[in-house]
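I opened the entry below to look up a few points in turn, and I keep my notes here in the order in which I checked them.

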Amino acid sequence: MVKDVIIGAISLIKGMGVTIKAFFSPVVTVQYPRETINITPRFRGHTKLVADPEDPEKTSCIVCGMCERNCPSNSIKVEGEKKEGEKKKTLKRYILNFTTCSHCGLCVETCPVDALAFSADYNPSDFKKETFYYDLMLEFEKRKKR
Amino acid sequence: MVREISDRFKEKFPSIEPKEIPYEQRGYHLFIEAEKNNIVDIAGFFRNEGFYLADLCCVDYVDYLELVYFFNNHNKLCRIKVTVKTDPDKPSAPTISHIYNMAHWYEREIHEFFGVFFEGHPFMVYLFLHDGIDHYPLRKKTVPVPEWDRQILNSFRPEEQEDGFFLNLGPQHPSTHGVLRVVVKMNGEYMLSAEPVLGYLHRMHEKMAENRTYQQFLPNAARMDYLGALNFNLGYVATVEKLCGIEAPERAQYIRTITCELNRISSHLLWFGAFVADLGGLTPFLYTFDDRENILDILEATAGSRLTYSYFRFGGLYNDLDENFVDAVKQFITRLRSRFSMYENLVTGNVIFINRVKNIGVMDKGYPIRYGCSGPVIRSTGIPFDIRRHEPYAVYDRIDFRIPTGTTGDNMDRYLVRIQEMEISLDIIEKALKDLPAGPYKAEKIPKKLKPPKGDIYHTIESPRGELGVYIVSDESDVPYRMRWRVPSYSNLMTFPELARGSLIADAIATLGSYDLVIPEIDR
Amino acid sequence: MCDLAAIINIIGKETARLILGLIGVLIIVVVNALVLTWVERKVSGHMQKRIGPKEVGPYGLIQPFADGLKLLGKELLTPANVDKPLYYLAPVIVFIPVLVSFIVIPFDGFLQVKDINVGILVILAFSSLSVLSILIAGWGSNNKYSLIGATRSVAQNIAYEIPLLLSLLPVAFMANSLSLRDIVEVQRQGWFVWRWQFFAFLIYFIAATAETNRTPFDLPEAESELVAGFHTEYSGMRFALFFLAEYTNIFIASAIATTFFLGGYLGPVLPGIVWFFIKTYFLVFVIMWFRWTFPRVRFDQLLNFSWKILIPVAFANLILTGGILKL
């Protein structure tokens with residue numbers, strides 16, 4: 001009986017030793033947003049259109065609609081137009097409804113020309129829901145200008 | 001073993017002929033077509049032979065409804081599928097809940113989703129759904145709920161009983177199980193009965209599976225159990241690969257094993273923090289999250305997500321490992337090994353913790369057969385049943401690892417089994433990293449639109465909570481005909497009402513924490 | 001200034017000293033409560049390897065003021081069927097026993113509001129009254145969960161009163177007096193904690209943690225399972241008063257432990273009052289350390305611990321001390 005009490009008391013002191021050691025050791029948290037950490041390149045942010053390697057002014061998208069059909073959440077809408085004198089359609093608008101996207105990567109994977117990639121945008125935040133109906137073509141144009 | 005059971009079955013039931021099925025194609029060994037009048041005797045026969053009921057589900061072939069029973073054995077692998085056909089207009093079948101306690105809830109679920117009435121079942125009330133749902137959800141055609149059935153389904157009204165003091169545990173909890181509501185009848189400090197009410201997180205994954213192609217269902221698998229998401233991914237992908245006969249390359253199998261074991265460790269770490277936080281010690285929660293951040297960073301660098309991964313694809317992986325993976329994992333293993341002694345000092349040896357946890361919620365060896373418990377719950381009673389050893393998948397047949405067991409089946413044993421499982425997972429990862437072969441990470445020539453051959457398949461894997469089973473019925477189209485997920489927390493939770501009877505509320509909370517429940521996977 | 005001297009001449013030195021002392025005590029109580037909320041959050045943060053508040057002022061020092069302003073601005077919800085006199089009275093009288101105990105504690109050589117020669121009796125008598133306010137809060141709330149929490153708290157407090165008393169008495173025996181000033185003065189020859197009363201110190205400390213409803217004995221108050229405790233129905237400033245009373249209780253318990261076992265204001269070099277506060281706040285830190293390390297004790301184990309372990313040991317200590325002193 002006395003032995004149990006002594007063993008119990010020693011176990012409590014050992015536990016207290018652990019917390020006091022943690023008290024004097026440095027914190028492990030990152031004071032976001034005053035400090036930020038680097039995001040790995042493979043992070044699955046929202047998708048973005050990549051430039052065609054042969055013609056960096058345009059995207060590689062051929063408006064086939066595979067990404068739109070394969071998306072499990074029906075988050076993608078692709079609109080293309082056939083310009084005069086060109087054989088293939090060009091992309092006019094690419095609407096991604098990011099509020100229903102599940103980051104599965106099926107659109108990136110099934111694109112036959114590899115026109116999509118994940119961006120590293122890990123902290124989008126806004127007050128309005130409409131900000132997250134991204135138009136990837138507009139984003140592409142903005143990135144081209146920079 | 002299969003031959004013996006088949007012979008003994010033929011002796012007892014000479015009119016039925018069990019068919020032998022190739023296990024590699026279908027995942028079960030024998031197929032028995034039973035009738036309504038002998039299913040109860042068949043269930044009793046299997047109970048006497050020491051088989052447990054792994055799953056009970058229902059498939060709606062439009063001309064008839066088929067009830068599918070899967071029996072399995074803890075000692076030697078022998079899975080037997082028994083089916084009972086019933087007509088679609090007034091479907092009914094006799095109940096086997098007096099033989100196997102776990103059929104109690106499975107039959108309630110089938111009743112509210114398909115409309116099959118089980119004669120003799122004592123308590124056919126709503127389990128997942130609620131009043132106001134007018135059609136049976138999982139039927140292929142719209143079948144309205146008749147009035148007599150609606151009355152039976154709504155008959156659980158604890159607020160109208162006058163002689164008991166009813167209390168609600170949840171659905172909002174200070175402890176982090178998920179949204180579970182338990183209606184508890186109290187007598188002072190002691191609990192007289194505990195009745196879980198589920199369905200607060202029901203998202204109809206099984207119905208979604210019937211409306212999406214096999215490829216499109218991939219993100220859903222991770223959302224079911226977000227703590228062990230890679231294991232659920234693996235369950236789904238491995239089942240479909242087995243059905244189509246696709247073989248993933250060696251490197252992909254090794255990487256799948258390593259990432260699944262990392263996920264197992266992160267799930268156990270979170271359980272550890274939450275369990276001690278339930279009991280009142282709020283600090284180890286923060287320490288385990290610190291360790292878990294390491295794992296999440298490693299997996300983020302490879303798979304791109306932190307919690308709900310959709311990393312596995314049919315025939316391999318989405319992408320290969322990144323270049324820092326092996327070094328980061330080795331560093332992580334060293335670091336976590338040095339932290340175990342700290343957790344030992346802070347929690348495991350603490351006399352207050354031991355008194356809260358030892359000899360509470362004792363489960364003897366009779367429970368696993370009656371309830372189909374699996375995972376650390378069954379290993380804590382002393383039965384060394386682990387699907388990774390019993391029915392190896394991925395590369396577990398090439399890696400030698402120990403199976404930890406407990407002795408008494410109380411909360412302390414479940415706790416110790418999980419701590420030891422974390423250490424064993426570290427060993428498995430080390431051994432797999434050593435043998436990691438180079439090569440392709442994805443099989444070639446996988447069709448873009450997967451159309452599996454006609455048939456059904458049942459495949460199990462070991463998730464951090466226990467035995468996860470996936471049953472897919474395919475009809476040669478690119479959309480599954482029926483997908484059934486047999487989740488481990490469901491059958492583990494079924495033991496709670498029996499264990500909680502007569503105990504104090506504080507003990508019941510500790511027992512509930514020790515099961516490691518994740519309610520989204522119960523509610524699917 | 002001469003007006004002040006005239007006033008003092010009129011009302012008498014003792015009364016003036018009493019009034020000044022009471023004002024000082026009130027200031028200490030309020031400042032202490034503010035400081036302790038900040039210290040608790042910082043200590044808990046660093047023990048969990050994170051920093052606590054940091055945004056509000058440098059190192060979060062203005063956080064207690066922000067919390068106080070927030071609580072002042074909250075709506076004081078009064079549920080419909082409460083017992084109004086009791087409901088309004090409870091947060092007020094939870095402070096009274098504590099304030100009386102402050103009167104007899106010697107902060108420094110002459111900084112004691114009044115040196116009553118039965119000082120121990122005053123402290124023990126008034127600390128028993130703190131149970132009353134909890135019971136009034138639980139009963140007046142007209143809520144079955146509050147009542148269960150309050151009755152648990154009453155049982156816990158009564159059970160741990162006895163070891164509290166039994167562990168303070170050997171010190172009184174050894175000092176041969178019941179007055180706190182004499183107890184501190186006797187410790188000039190050596191603090192009681194290592195002059196044979198180590199077990200009494202431990203028992204007193206554990207009983208004090210249980211009296212103030214801190215973890216590991218905080219079942220009546222923490223977000224325990226389903227009952228939220230006796231202060232469920234209190235909101236806004238009333239709830240704040242309960243918490244201020246708890247922090248003041250912690251301070252008093254540590255101050256009494258310092259006076260009886262750790263030598264009060266004695267110590268080299270620094271002035272007495274500084275030593276007093278150093279020792280008291282060290283014990284407050286230890287109480288907070290307990291909270292963030294240990295899980296909760298179950299209620300029946302708590303009562304068992306007091307009646308079956310603490311009381312026999314305290315009794316044995318008392319009898320031993322009395323016996324040895326007699327011989």
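How many residues of domain 1 of chain B are in contact with domain 2 of chain B? Before counting I noted that the model is predicted, and that it scores ipTM 0.88 and pTM 0.90.

**Domains of chain B**

I took the bounds from the domain assignment, which divides chain B into domain 1 (2-156) and domain 2 (205-523). For the contact between them I found 21 residues of domain 1 of chain B touching 26 residues of domain 2 of chain B. On the domain 1 side, strand E3 (residues 51-61) of chain B gives the most, with 6 residues. When I sorted that side of domain 1 by class, I obtained 14 nonpolar, 4 polar and 3 charged residues. I also looked up the separation of the two domains of chain B, and their C-alpha centres lie 27 Å apart.

**Gly132(B)**

Next I turned to a single position within chain B, Gly132(B), which I located in the loop between strand E7 (117-119) and helix H5 (147-153). Is Gly132(B) buried or exposed? I recorded Gly132(B) as exposed, because 5 C-beta neighbours lie inside 10 Å and the cut-off for exposed is 12 or fewer. I then checked Gly132(B) against Arg150(B), 18 residues apart along the chain, and their C-alpha atoms are separated by 9.5 Å.

**The sheet E8-E9-E10**

In chain B I traced an open sheet of 3 strands, in the order E8-E9-E10, with antiparallel pairing. Its edge strands are E8 (165-169) and E10 (190-197) of chain B, each of which pairs on one side only. Neighbouring strands of this sheet are turned by 25° against each other on average, direction ignored. Looking at one pair in detail, I noted that E8(B) and strand E9 (residues 181-187) of chain B are joined in the antiparallel sense over 5 bridges, and that Phe165(B) stands opposite Met186(B) in E9(B).

**Chain C**

I finished with chain C, beginning with its contact with chain B, which takes 18 residues from chain C and 19 residues from chain B. By class, the chain C side of that contact has 8 nonpolar, 4 polar and 6 charged residues. For confidence, I noted that chain C averages a pLDDT of 83, with 97% of the residues scoring at least 70. Which elements of chain C have the lowest and the highest mean pLDDT? The lowest, 72, belongs to helix H1 (residues 2-11) of chain C, and the highest, 89, to helix H12 (residues 272-291) of chain C.

Methods
Residues numbered from 1 in each chain as written. Chains lettered and ligands numbered in written order. Predicted model: local features only at pLDDT ≥ 70, side-chain atom pairs only at ≥ 80, totals over all residues. Contact = placed C-beta atoms within 7 Å. Nonpolar A, V, L, I, M, F, W, Y, C, P; charged D, E, K, R; others polar. Helix = DSSP H or I, 4+ residues; strand = E, 2+ residues; numbered from the N terminus. Buried ≥ 20, exposed ≤ 12 C-beta atoms within 10 Å, placed from the backbone. Domains from an automatic or database assignment. Pairing = 2+ DSSP bridges. Axes fitted to C-alpha atoms, helices over the stretch in contact; angles between N-to-C directions. pLDDT = per-residue confidence, 0-100.
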